[in-house]
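User: I've got a model on my screen and some labels I'd like explained. Can you walk me through what sits behind them?

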Amino acid sequence: MGLPQCLGGATFHTLKMAGIPPPIFRPLLTTPSLNLLLLPRPIRLPHLPFPSLLRPFSLSSAVASAQATPSAAPTTASSDSGLKTQWKATVDFKWIRDNKDAVAANIKNRNSTANLDLVLELYDKMLTLQKEVEQLRGERNAVANKMKGKLEPSERQKLIEEGKNLKEKLASLEEDLLRLTDELQQEAQCIPNMTHPDVPIGDENCSVLRKMVGRPREFGFPIKDHLALGKELDLFDFDAAAEVSGSKFYYLKNEAVMLEMALVNWTLSEVTKRGFTPLTTPEIVRASVVEKCGFQPRAENTQVYTISGSDQCLIGTAEIPLGGLHMDSILSESSLPLKYVAYSHCFRTEAGAAGAATRGLYRVHQFSKVEMFVLCRPEDSDTYLEELIGIEEDLFTALGFHFKTLDMSSADLGAPAFRKFDVEAWMPGLERYGEISSASNCTDYQSRRLGIRYRPELPSMNQKKAKNTPTQFVHTLNATACAVPRMIVCLLENYQQEDGSVIIPEPLRPFMGGIERITYKFR
């Protein structure tokens, strides 16, 4: 399940994060610390060493290029100027300007509030101001060169005064340029990624069915939802959690705890077999990293908790710390793809969520999740999206779920996603399908903000030439392997029995200490 994107320019509020705007990037249109419990056999982890990283140099001037801003290079303004330190994404403003109509249509199709006209206006102003700055620099250098020769005292004094005036004027223009560049960056970061040409245009109802697996189970008795089952089987306690933490928190109890551990460990074991490196991640990250991953709100309500008095946030998905893992790095082509599977706790405000469809475990503020994340060459990202979707479908099929995979419509895409597929499973107690997973190809949208590049390796190239090979941005992809609460909802509701017990699916039993059925504690 993708985290609803969240960022706004600068201010973060206590317990919720003001949104996080993203840049536009032109995509290439190529088609816990948790001990493993009772593993049935040893797991061989893939030999996927972390690559040695080369740090790219940052351009020191905000005006180094008229076409793109330096990748993730922060610029710091003096305190008396009123400017704040701001990171820079490599936004291709020239491409945006040259493809204005396509970008405008994309913004409209995705229901984005990005102001393209303002971005282009600021870009033109920046180009004009850059020319003025360069002209003054030229004049200043010419004066400096004249002063190297033999001059009459009066002539030298005249040049000194001229140089002083040029210096003051140049300093003022450079400050104006810095302010303008920061404003342009903030506005450009609100523009969403471009959209795959096969994505259906419209709202969520326009999403297209990709695959349907299984069929709803037929019950010969009155069915219960997971809340009733959990209460009767003594599996969780929402009332006590509400007193301790507030609404939408919960205690898992008894077999539900074992079930969470089993789901996490089984998922990790299955995904590592596919060549993914397992990780646990920090669950508190810098706000700038959340921004660089491209999250922004769909509405005024925000989804991310922030820590008051700091620049840190609680993660809403492991995608964020995974994206930051190779931030500001140049990877070797031979190290790609990098495939990670991470276990973490996730925290979301779920602002604006209400109604029967969100009750119980379906929509909560804190939960455990296993997330897959891939960094690859641009020409391979479509292939790895298919791989991620295939892994999700294999996992849910193994658990016996009835589900459907949807090619999500343009209005349902988060800002970073070029294309996204959701998996919705049948939840008989809720009498509807509910989202349990998603997989997204973000192309180079996140990597341009995070500064993650790779250096292509050409055949028969000596070391000197190899160092001069231009770098390219990697593509990033993410997918949910297991969102624990919604998986528990599916398991309880689909595997309930007439006597009130719940059967444990066979793949999970070795991870449950041999427990095959959840039964009443008291009779």
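Analyst: Sure, starting with polar contacts: a polar contact is a pair of N or O atoms within 3.5 Å; within protein, one must be able to donate a hydrogen and the other to accept it, and residues adjacent in sequence count only if both atoms are side-chain atoms. The model is predicted, so local features need pLDDT of at least 70 and side-chain atom pairs count only at pLDDT 80 or more, while totals for chains, interfaces and linings use all residues. Residues are numbered from 1 along each chain as its sequence is written, and side-chain values use heavy atoms, with hydrogens and water left out.

User: What makes the pairing of threonine 443 with asparagine 193 a polar contact?

Analyst: Their side chains make that contact at 3.0 Å, and the cut-off is within 3.5 Å. Threonine 443 lies in the loop between β12 and α11 (445–450). Helices (H or I, at least four residues) and strands (E, at least two) are DSSP runs, numbered from the N terminus.

User: Why is threonine 443 called buried?

Analyst: Buried means under 20% relative accessible area, exposed over 50%, and partly exposed in between (1.4 Å probe, protein chains only). Threonine 443 has 1%, so the buried label fits.

User: And why is serine 310 called partly exposed?

Analyst: Serine 310 has 33% relative accessibility, so it falls in the in-between class. It's in the loop between α8 (287–292) and β6 (312–314). Its side chain has a polar atom 2.9 Å from the backbone oxygen of isoleucine 307, and it also reaches the backbone nitrogen of glutamine 312 at 3.1 Å.

User: How do you know how many disulfides there are?

Analyst: The structure holds zero. A disulfide is a pair of cysteine sulfur atoms within 2.5 Å. Take cysteine 442: the closest cysteine sulfur, in cysteine 293, is 8.9 Å away, so that's too far for a bond. Cysteine 442 is buried, at 2% relative accessibility, and cysteine 376 counts as buried at 1%.

User: How do you know that the length of helix α7 agrees with what's expected?

Analyst: The expected span is 1.5 Å times one less than the number of residues. For the 18 residues of α7 (residues 255–272) that gives 26 Å, and the end C-alpha atoms are 25 Å apart, so the two agree.

User: What makes α7 largely enclosed?

Analyst: Of its 18 residues, 14 are buried, so the rest of the structure largely encloses α7. Strand β12 (residues 432–441) is mostly covered, with eight of its 10 residues buried.

User: Which strands does β12 pair with, and what makes them count as paired?

Analyst: Two strands pair if DSSP finds at least two bridges between them. Strand β11 (residues 419–427) and β12 have nine bridges, in the antiparallel sense, with tryptophan 426 bridged to tyrosine 433 in β12. These two form a hairpin with four residues between them, and glutamate 431 in the turn has a positive phi of about 60 degrees. β12 also pairs with strand β15 (residues 475–483) over three antiparallel bridges.

User: Why are β7 and β14 called edge strands?

Analyst: Three strands form an open sheet in the order β7-β13-β14, with mixed pairing. β7 (329–332) and β14 (472–473) each have a single partner strand, so one side of each is left without a neighbour in the sheet. Strand β13 (residues 452–455) and β14 pair in the antiparallel sense over two bridges, which meets the requirement of at least two.
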